[in-house]
Amino acid sequence: MRKFKEFSFEFFIYLSTLITIISLFIFLIPIFKNGYKGIFPEFLFTFPKNGMTEGGIFPAIVGTFYLTILSTFFSFPVGIITAIYLAEYGKPKFLVDMIRTSISTLSGIPSIIFGLFGLSFFVVRFSLEVSLLSGSLTLAILSLPIIIRSVEESLKSVPVTFKEAAYSLGCSKFETIYKVSIPVAFPNILTSLILSIGRVAGETAPIMFTAATLYSRRLPKSLSSEVMAIPYHIYGLVTEGVSPEKQIPIAYKSAFVLLLLVLIVNLSAIIIRQKLRRQRRW
Amino acid sequence: MVKEKIKVENFNLYFKDKKVLNNINLSIFENKVTAIIGPSGCGKSTLIRSFNRMNDFYNAKVDGKIIFDGININDRNIDLSNLRTKIGMVFQKPNPFPFSIYDNVAFGLKVKGINDKSFIDEKVVKSLKDVWLYDEIKDRLFDSAMSLSGGQQQRLCIARALANDPEVLLLDEPTSALDPKSTQKIEELLEVLKKKLTIIIVTHNIAQAGRISDYTLFIYLGEIVEFGETKKMFTAPENKKTEEYITGIFG
């Protein structure tokens, strides 16, 4: 009987693992199968033509790139500093509680709500129009909880013995944080930041009403330009337009490119972490 | 004649409402090794951490005086950074930073704002020589400190503290995580270092206290039971409790 229990438990462990892996492949295979052909270089580097029925996605790639980079420009500093505050200061308690509640609330909000918020707040209230700037700001708010949590975790994983050593050598609190805690946590901090980039790059709903346009024959010129973005482009190809038989293959290709980009970003995070960690065992 | 380096007067320490150290009166003598012994949880570590105010991080409340260089270090306005460079500390578990060996030793100097590279180089080499580590690692100064053995790491931590030119060195059970050979090396090292500075060491190992210290302080339940010259205490302790602890009847 005990043997049977043991066996069935292991069986379910393997089964669940298998289901996870299989689902991933069921999900990836059609996209790769339908998407990989003729990607390089025409599709990556040409503009869409004839109302999205022909051509490439160059402006969407550029747009996604701009949106992502610009949003990190807003979210990284605020996120990192908040995380430092939570991990290293954590006083007074009511303020910490307030920030924590805000973070968990923010991370529980569906992304479409961020889109609507961005529309009413940045686009309308602050008259930023549908623009690169509005979209980046919306994305920045969306990614804040992810950044704060993971950077805080990274900082908290720094052994307290290192901090004690720093204090015993005459460091002030601030010096301990920036000479010991941050350098020691750096590989993890960097990884979390890069992973948050991957997350932001794939978001659709937040930029739908705040930044994205379905069709553009030009690259964005300034912060107030509308931009094309890969995820929204896929959405548009599938839901709008007049000739689905021409648009669906393009959507597959775009999905393939987006997946590939996110994969590259995440992979580089893993590689960087491994590289930096190699010299740091404790 | 021995000179007094630190004087503790009517010192009490509380964590929240719990009194951890009770009415400590004590003199630490210059260029001597003072060992603090006692059973687990008696306040040894708390006492040694009082000398460089490391208990501040656990919200300790204190009263009474600890006088060092004519200043009460429990004063609110004292320059803690300056205090901690003058009173260095080595911890139970070797805790070099996960940086290079060089950067570990240079750390305190850089915190002080010293940028003169040749001065730092010189100081790093000298500190490493002082702990007999230089010859072992001179070809890999810029390797990670994590690649050293436990005993080497602990000597590196001593070198890191020495680079600040401290007057007092606090060691909180520095050899409890080390093998006998590394332990012996550190004991011999302290013997040499005490010519230049004053050493306070917490140890669980009674024999170690007997071997290396000039003065021994036995504390129990946060109070001093006996304090005196090691030779005398180990041969003719005044207090029954001390005798029982030293001979291993309890502890």
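**Exercise 1. Count the helices and strands of chain A and give their order along the sequence.**

Step 1: In this predicted model, chain A holds 11 helices and two strands, where helices (H or I, at least four residues) and strands (E, at least two) are DSSP runs, numbered from the N terminus.
Step 2: Following the sequence, the pattern of chain A reads α-α-β-β-α-α-α-α-α-α-α-α-α.
Step 3: Along the principal axes, the C-alpha atoms of chain A fill a box of roughly 70 × 65 × 35 Å.

Local features in this predicted model need pLDDT of at least 70 and side-chain atom pairs count only at pLDDT 80 or more, while totals for chains, interfaces and linings use all residues. Residues are numbered from 1 along each chain as its sequence is written, chains are lettered from A and ligands numbered from 1 in the order in which they are written, and side-chain values use heavy atoms, with hydrogens and water left out.

**Exercise 2. Decide whether His233(A) is buried or exposed, and state which residues it touches.**

Step 1: His233(A) belongs to helix H10 of chain A, which covers residues 230–239.
Step 2: His233(A) counts as buried because its relative accessibility is 3%, the term buried meaning under 20% relative accessible area, exposed over 50%, and partly exposed in between (1.4 Å probe, protein chains only).
Step 3: Leaving aside residues up to four places away in sequence, His233(A) is in contact with Met52(A), Ile57(A), Ala60(A), Leu214(A), Met228(A), Ile250(A) and Ser254(A), a contact being heavy atoms within 4.5 Å.
Step 4: For the chain as a whole, 44% of the 282 residues in chain A are buried.

**Exercise 3. Describe the interface of chain A and chain B, starting from its area and ending with its salt bridge.**

Step 1: About 1900 Å² is buried between chain A and chain B, with 65% of it on carbon and sulfur atoms; buried area is the accessible area (1.4 Å probe) that two parts lose on being put together, summed over both.
Step 2: Of the area that chain A buries against chain B, 33% is supplied by Glu164(A), Ser168(A) and Leu169(A), more than by any other three residues.
Step 3: The contact draws 19 residues from chain A and 25 residues from chain B.
Step 4: One salt bridge is found across the interface, with a side-chain nitrogen of Lys or Arg required within 4 Å of a carboxyl oxygen of Asp or Glu.
Step 5: Glu164(A) forms a salt bridge with Arg49(B), and their closest N and O atoms are 2.4 Å apart.
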